[in-house]
Amino acid sequence: MTGAARHFDNGTDDGLADGLERLWTPHRMTYISGEDRPEGGYEKPTGCPFCLAPGLPPDESLIVARGEHVFAVLNLYPYNPGHLLVCPYRHVADYTGLDAPETAELAVFTKDAMRVVRRVSNAHGFNLGMNQGGVAGAGIAAHLHQHVVPRWGGDANFMPVIGRTKVLPQLLADTRDLLAKAWPA
């Protein structure tokens with residue numbers, strides 16, 4: 001019987017090892033456990049990482065591009081390499097709370113993000129989305145952010161499906177530099 005078969009059908013609840021190899025991603029525990037959450041939470045701009053990021057140096061903020069109303073930043077806990085977030089500078093929680101210029105620039109930045117990631121990494125497709133509210137899956141519900149997640153054929157291979165982890169082949173700072181250089185001026 002294979003390790004996977006033992007895991008799913010060993011006939012007991014004996015706690016025996018399942019025989020699967022593990023690829024550990026301990027950096028994700030900070031996000032999962034909420035260790036890096038500010039004491040007052042994300043509701044106030046003083047604790048919101050999207051409000052703080054524009055004031056940090058580029059190598060610390062992971063900001064790829066800045067506009068008048070929005071900016072594009074790498075996701076610190078990406079689903080795939082090049083996973084970007086398009087955020088308004090203003091601390092606003094809901095899409096309906098954006099004004100017309102913010103809405104327009106968010107759309108332009110989303111298009112630019114897709115073009116840049118395609119050019120830099122030959123993405124085959126994208127998942128775009130906003131999780132509105134904690135019940136909808138927003139990790140930082142108090143500050144709106146549009147996810148731009150690049151996808152490639154076969155990226156949902158055995159690693160995320162069975163291993164429940166993603167392999168990111170590049171450091172976030174290197175990805176930021178690559179995307180920032182390719183962003184339209």
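In what order do the elements of the chain run from the N terminus on? The order is α-α-α-α-β-β-β-α-β-β-α-α, which comprises seven helices and five strands. Helices (H or I, at least four residues) and strands (E, at least two) are DSSP runs, numbered from the N terminus. The structure is a predicted model, in which local features need pLDDT of at least 70 and side-chain atom pairs count only at pLDDT 80 or more, while totals for chains, interfaces and linings use all residues. Residues are numbered from 1 along each chain as its sequence is written, and side-chain values use heavy atoms, with hydrogens and water left out.

Of the 185 residues in the chain, 35% are buried. Here, buried denotes under 20% relative accessible area, exposed over 50%, and partly exposed the range in between (1.4 Å probe, protein chains only). Among contacts (heavy atoms within 4.5 Å) in the chain between residues at least 6 apart in sequence, 60% join residues at least 24 apart.

Helix α5 covers residues 100-121. Its expected span, taken as 1.5 Å times one less than its number of residues, is 32 Å for 22 residues, and the end C-alpha atoms are likewise 32 Å apart, so the two values agree. At the N-terminal end of α5, Asp99 acts as a cap, with a side-chain oxygen 2.9 Å from the backbone nitrogen of Glu102. This distance falls under the definition of a polar contact: a pair of N or O atoms within 3.5 Å, of which, within protein, one must be able to donate a hydrogen and the other to accept it, with residues adjacent in sequence counted only if both atoms are side-chain atoms. Glu102 is also one of the buried residues of α5, which further include Glu105, Leu106, Phe109, Thr110, Asp112, Ala113, Met114, Val116 and Val117. The cover over these buried residues includes the strands β1 (63-66), β2 (70-74), β3 (84-88), β4 (125-129) and β5 (146-151), together with helix α7 (172-182).

Asn122 follows α5 and lies in the loop between α5 and β4. Its phi is near 55°, a positive value in a residue other than glycine. With a relative accessible area of 53%, Asn122 is exposed. A positive phi, near 65°, is also found at Leu62, in the loop between α4 (58-61) and β1. Leu62, however, counts as buried, because its relative accessibility is 9%.

Strands β1 and β2 pair in the antiparallel sense over three bridges, where pairing requires that DSSP finds at least two bridges between two strands. The two strands form a hairpin with three residues between them. Within this pair, Arg66 stands opposite Phe71 in β2.

The UniProt annotation "active site", from an unreviewed entry, covers His145; UniProt positions are given in the numbering used here, feature names are shortened, and annotations may be inferred rather than shown by experiment. His145 is located in the loop between β4 and β5 and counts as buried, because its relative accessibility is 9%. When residues up to four places away in sequence are not counted, His145 touches Phe50, Leu85, Val86, Cys87, Gly129, Met130 and Ile140. In addition, the side chain of His145 reaches the backbone oxygen of His143 at 2.8 Å.

Ala93, in the loop between β3 and α5, stands 52 residues from His145 along the chain, and the C-alpha atoms of the two are separated by 8.6 Å. Ala93 is partly exposed, with a relative accessible area of 37%. Its contacts, again without residues up to four places away in sequence, are with Gln132, Ala141, Ala142, His143 and Leu144. His143 thus appears both among the residues touched by Ala93 and as the partner of the His145 side chain.

The structure holds zero disulfides, a disulfide being a pair of cysteine sulfur atoms within 2.5 Å. Cys48 is in no disulfide, and the nearest cysteine sulfur, that of Cys51, is 3.9 Å away. For Cys51, the closest cysteine sulfur is in Cys48, and the separation is too far for a bond. Cys48 is buried, with a relative accessible area of 0%, whereas Cys51 is partly exposed, at 22%.
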